[in-house]
Amino acid sequence: MYPDRVLSGMRPTGALHLGHYQGVLKNWLKIQHEFECFFMVADWHALTTHYDATVGMGEHVWEMVVDWLSAGVDPNQATLFIQSRVPEHAELHLLLSMVTPVGWLERVPTYKEQQQKLADRDLSSYGFLGYPLLQAADILLYRANRVPVGEDQVPHIEFAREVARRFNHFYGREPDFEQNALRAAAKMGNKKSRLFLEFRTRYTEKGDVEAVMAAKDMLAEAQNLSLGDRERLFGYLEGNGKKILAEPQALLTEASRLPGLDGQKMSKSYGNTLPLRLEENELRRKIAGMMTDEARKLRTDPGEPTRCPVYAYHKLYSNEATLTWVEEGCRSAGIGCVQCKQPIGDAIWAELKPLRERAQMYQEDPTLVRNILADGCERAQQLASDTLRDVREAMGLLYT
Ligand code: TRP
Ligand code: SF4
């Protein structure tokens, strides 16, 4: 019914690093040719955890988008926009909040996880609780049916699906539909009718797939239903007829296997990153300082590559022959760590050099980026306002 459309977003954290490139951007570069893509600067999302740290946000937005473009995100293929420039996100978020049970939000696994992980932040706000709903609104606003996410964000997509289903269930119905459906259900007899409605609730409210299958079996077996009633009940079961909001699917992407310079997860807050726009000397200096297997204190000590972050880089950047050279050389102390790091520096610089050059072009001419974003925001807003018109109409809020 709708074209395959992707929505993805990134919080504006400023200039990006190699972990972002390997983990997210490379995937964007691929999917921009496969789907109609919308790539969003999720500035409101940043506020859900960092409402007290908005200084420099504007700077961060530009730096990040320069990196997107320099990495090869193509504004002729994909739509690049800023969330807060399309206020429809806020309206849809508000309207969806009316049908979203608080319990659903409290049960999203990242809610408690993040509160524990970011214990130094105040995450007791209404905005933080509602963050998955804001994300759901982002997705549903564009009727995006594919959302590239890592494993940890899959529950957010499931949540968005449940919200869409619930919305469609409340507002996608023709007048008298429910009455007709209930009358049809009653024809199965009291007991069966009650069971059927119970299955349906379990499905529409909790996404219980087994319940919907059981209910379908009931309908298939029911003797005394007319064809019309049977179809009505099938429709009623799944929320029915008119789908105003499309249910999105997760497009699973592998997490970046690139550790930071110290072997931990690469993250700005750990200070262990390789920023994409490093100059060559800096890059080589950082790689020279990378942690290696602690067992290799001396050049003559043998090491174990699987304990070394440098080896993780080799696995991403080197061919079989080089990998064997590393494995054997490390375990026999045949090569030194300085030597081992050399091809990594070469490979990363080869990858980042063209990116750095393109970034320079965008930095020298900021209107280029500004225009790309202005175009993108306009295109995004057109689609967003179409969806919102349907949503308002379905909710009875079009006062024409
Ligand atoms: N939640 C993502 C993050 O915090 C960013 C994001 C916002 C997003 N809206 C989205 C990702 C919609 C995918 C789809 O980094
Ligand atoms: Fe790591 Fe290479 Fe040194 Fe072995 S030789 S410890 S793999 S850097």
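**Exercise 1. Find how far apart the centres of domain 1 and domain 3 lie, and how many residues each gives to their contact.**

Solution. Taken over C-alpha atoms, the centres of domain 1 and domain 3 are 34 Å apart. Their contact draws on 16 residues of domain 1 and 14 residues of domain 3. Please keep in mind that this is a predicted model.

Next, place the domains on the chain. Domain 1 is assembled from the stretches 5–172, 246–256 and 366–394. Domain 2 covers 177–237, and domain 3 runs over 277–364.

**Exercise 2. Describe the protein as a whole: its elements, its box and its surface.**

Solution. Start with the elements: there are 18 helices and 5 strands. Then take the extent: along the principal axes, the C-alpha atoms fill a box of roughly 85 × 50 × 40 Å.

Now turn to burial and surface. The protein has 400 residues, and 48% of them count as buried. Its accessible surface comes to about 20100 Å², with 50% belonging to carbon and sulfur atoms.

Look at the contacts next. Among those between residues at least 6 apart in sequence, 78% join residues at least 24 apart. Finish with charge: 49 side chains are positive and 55 are negative, and the centres of the two sets lie 3 Å apart.

**Exercise 3. Which helices help to cover the buried residues of α15?**

Solution. First locate the helix: α15 spans residues 309–317, and 7 of its 9 residues are buried. These are P309, V310, Y311, A312, Y313, H314 and Y317. The cover over them includes α1 (18–31), α16 (320–331) and α17 (337–364).

**Exercise 4. Decide whether C308 and C377 are buried or exposed, and count the disulfides.**

Solution. Burial requires a relative accessible area under 20%. C308 has 12%, so this cysteine is buried. C377 has 6%, so C377 is buried too.

For the second part, a pair of cysteine sulfur atoms has to lie within 2.5 Å. The count comes to 0 disulfides. In the case of C377, the nearest cysteine sulfur belongs to C37 and is 17 Å away.

**Exercise 5. Where do R143 and A333 lie, and what is the sign of phi at each?**

Solution. Take R143 to begin with. This arginine sits in the loop between α8 (131–141) and β4 (146–149). Its phi is positive, about 50°, although R143 is not a glycine. With a relative accessible area of 10%, R143 is buried.

Repeat the steps for A333, which is found in the loop between α16 and α17. Here phi is again positive, at about 55°, and A333 is not a glycine either. Its relative accessible area is 15%, so A333 counts as buried.

**Exercise 6. Work out the surroundings of T253 and L398.**

Solution. T253 belongs to the loop between β5 (249–252) and α14 (280–288). Its relative accessibility is 18%, so T253 counts as buried. Beyond its neighbours within four places in sequence, T253 is in contact with N27, P148, V149 and G150.

L398 is placed in the segment after α18 (366–394). Its relative accessible area is 29%, so L398 is partly exposed. Setting aside residues up to four places away in sequence, L398 touches R389, R392 and E393.

Key:
Residues numbered from 1 in each chain as written. Chains lettered and ligands numbered in written order. Predicted model: local features only at pLDDT ≥ 70, side-chain atom pairs only at ≥ 80, totals over all residues. Heavy atoms only, no water. Helix = DSSP H or I, 4+ residues; strand = E, 2+ residues; numbered from the N terminus. Buried < 20%, exposed > 50% of the residue type's maximum accessible area, 1.4 Å probe, protein only. Contact = heavy atoms within 4.5 Å. Areas by Shrake-Rupley, 256 points an atom, 1.4 Å probe, with all protein chains shown as cover. Lys, Arg positive; Asp, Glu negative; His and termini not counted. Charge placed at Lys NZ, Arg CZ, Asp CG, Glu CD. Domains from an automatic or database assignment.
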